[in-house]
Every structure is written in structure tokens, then in C-alpha cells.
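Biologist: I would like to understand how the labels on a model like this one are earned. Could we go through them together?

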Amino acid sequence: MTVVRGLDVARYMGRWYEIASLPNFFQPRDGRDTRATYALRPDGATVDVLNETWTSSGKRDYIKGTAYKADPASDEAKLKVKFYLPPFLPVIPVVGDYWVLYVDDDYQYALVGEPRRKDLWILCRQTSMDDEVYGRLLEKAKEEGYDVEKLRKTPQDDPPPESDAAPTDTKGTWWFKSLFGK
């Protein structure tokens with residue numbers, strides 16, 4: 001699988017909106033306005049991760065984690081992301097792959113996957129993406145062996161909700177529901 005080389009991590013920081021993704025067990029099926037916000041820590045090597053989504057009932061679900069280069073000596077954009085589960089009692093570390101397969105020169109669009117080809121995200125700095133750009137990212141995903149027919153477009157409101165504009169799930173019940181695909 002081809003990944004980005006020489007990723008400018010500082011430019012990659014900030015908010016990314018999920019335009020489409022392959023369905024997975026750790027995101028609610030009725031999720032909308034899904035986004036990720038990345039912030040580089042002072043050590044220059046660790047990234048704080050905040051993943052947020054809103055359910056159809058308007059409830060904000062979120063999880064916080066960290067990301068770091070899988071191999072600090074490599075120039076490949078292969079990162080590891082770590083979250084602790086369940087979120088209300090963080091005791092079990094869950095580590096996954098986060099490989100940047102493509103990012104445009106202006107760091108406005110990105111294609112992110114992982115080596116098993118079971119997870120895929122099309123990300124954008126805006127809540128919507130031009131159809132031509134979306135098509136190019138689909139082609140890149142196909143070239144990398146992904147089944148893009150399974151991609152689910154993520155509904156995004158414009159303007160997007162603010163993080164504190166909806167109730168949060170502080171008990172982590174969303175995590176249990178996600179295990180059952182709800």
C-alpha cells in the first residue's frame with residue numbers, strides 16, 4: 001500500500017470532516033457531522049486526537065486518544081492511534097493503524113486507511129467536497145485495494161455543530177451500543 005512520504009505533521013493538525021467512511025463497529029451507524037481534531041503536543045511527536053460524531057437524536061458522542069509515528073525513523077505517514085476503552089473507565093488500550101494514503105498539496109483533502117483495508121476515511125477541511133475531488137480519492141482508494149462500493153457518505157451540516165452545542169455522552173453508553181451496531 002502506498003502511503004504519503006514526508007507528511008508535514010504541523011500542517012496536518014486541526015479539524016478534518018469525515019466525508020465518507022467504511023462502516024465499522026466503533027462508530028455509530030446513525031452518526032452525522034463526524035469529525036476529527038488533531039493537536040500536536042509540545043514534544044512534537046505525539047498528537048492529541050478528538051473524534052466526535054452526533055447521533056440522529058442530536059447527542060454528541062466523542063472519544064479522545066493519541067497518535068504517534070509507527071516508526072519514528074521512517075518518513076512514511078504510518079501512524080498508530082491509541083484510545084482507551086471503555087471511555088468512561090479507560091483501562092483497556094486499543095491501538096490501531098492510521099495511514100495517510102493521500103493528502104493534497106494544500107492539506108485540504110486526505111485519504112486515510114490501514115493495511116488490512118477494512119477501515120477507510122475520506123476527509124476534508126470543509127463539510128463538503130467537490131465531486132471531482134471525491135471521485136479522484138475513490139480512484140486512489142480502488143488502486144490501493146479498497147472496496148469503495150461499501151463506502152458510506154457521512155451527512156454533514158453546514159455550519160457544523162459546535163462541540164458544546166449538544167449533550168455529551170459522559171457515561172460511555174455509545175461505546176456499548178456501538179458493539180451491537182447501533
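Modeller: Happily! Let me start with V94, which is found in strand 6; strands here are DSSP runs of E with at least two residues, helices are runs of H or I with at least four, and both are numbered from the N terminus. Please keep in mind that this is a predicted model, where local features need pLDDT of at least 70, side-chain atom pairs count only at pLDDT 80 or more, and totals for chains, interfaces and linings use all residues. Residues are numbered from 1 along each chain as its sequence is written, and side-chain values use heavy atoms, leaving out hydrogens and water.

Biologist: Why is V94 called partly exposed?

Modeller: Buried means under 20% relative accessible area and exposed means over 50%, with partly exposed in between (1.4 Å probe, protein chains only). V94 has a relative accessible area of 35%, so V94 is partly exposed.

Biologist: Which residues form a nonpolar patch with V94 on the surface?

Modeller: L89, V91 and I92 join V94 there, and together the four have about 350 Å² of accessible area. Patch members have over 30% relative accessible area and no salt bridge; nonpolar side chains (Val, Leu, Ile, Met, Phe, Trp, Tyr) are joined within 5 Å, like charges within 9 Å. The areas come from the Shrake-Rupley method with a 1.4 Å probe, and for residues only the protein chains shown count as cover.

Biologist: How many aromatic pairs does a search of the whole structure find?

Modeller: Four. Rings of Phe, Tyr and Trp (its six-membered ring) pair if their centres lie within 6.5 Å; planes under 30 degrees apart are stacked, over 60 edge-to-face, and the rest tilted.

Biologist: What makes the pair of Y12 and Y98 edge-to-face?

Modeller: The ring centres of Y12 and Y98 are 6.5 Å apart and the planes are at 80°, so edge-to-face is the right label. Y12 lies in helix 1 (residues 9-12) and Y98 in strand 6 (residues 92-103), so this pair ties together parts that are 86 residues apart in sequence.

Biologist: Are these two tyrosines buried or exposed?

Modeller: Y12 has 4% relative accessibility, so Y12 counts as buried. Y98 has 11%, so Y98 is buried. Y98 also forms an edge-to-face pair with Y38, at 6.0 Å centre to centre and 80° between the planes. Y38 is in strand 2 (residues 32-40), 60 residues from Y98, and Y38 is buried because its relative accessible area is 9%. Ring pairs link Y12, W16, Y38 and Y98 into a cluster.

Biologist: What makes E52 and R60 a salt bridge?

Modeller: The definition asks for a side-chain nitrogen of Lys or Arg within 4 Å of a carboxyl oxygen of Asp or Glu. The closest N and O atoms of E52 and R60 are 2.8 Å apart. E52, at 1%, is buried, and R60, at 8%, counts as buried.

Biologist: How do D48 and R41 meet?

Modeller: Their side chains meet in a salt bridge of 2.8 Å, N to O. D48 is at 30% relative accessibility, so D48 counts as partly exposed, and R41, at 35%, is partly exposed. By this rule the count comes to 16 salt bridges.

Biologist: Where does the charged end of K78 sit?

Modeller: Over the ring of W99, 4.3 Å from its centre; the rule asks for NZ of Lys or CZ of Arg within 6 Å of the ring centre and within 35 degrees of the ring normal. K78 also forms a salt bridge with E76, with 3.4 Å between the closest N and O atoms.
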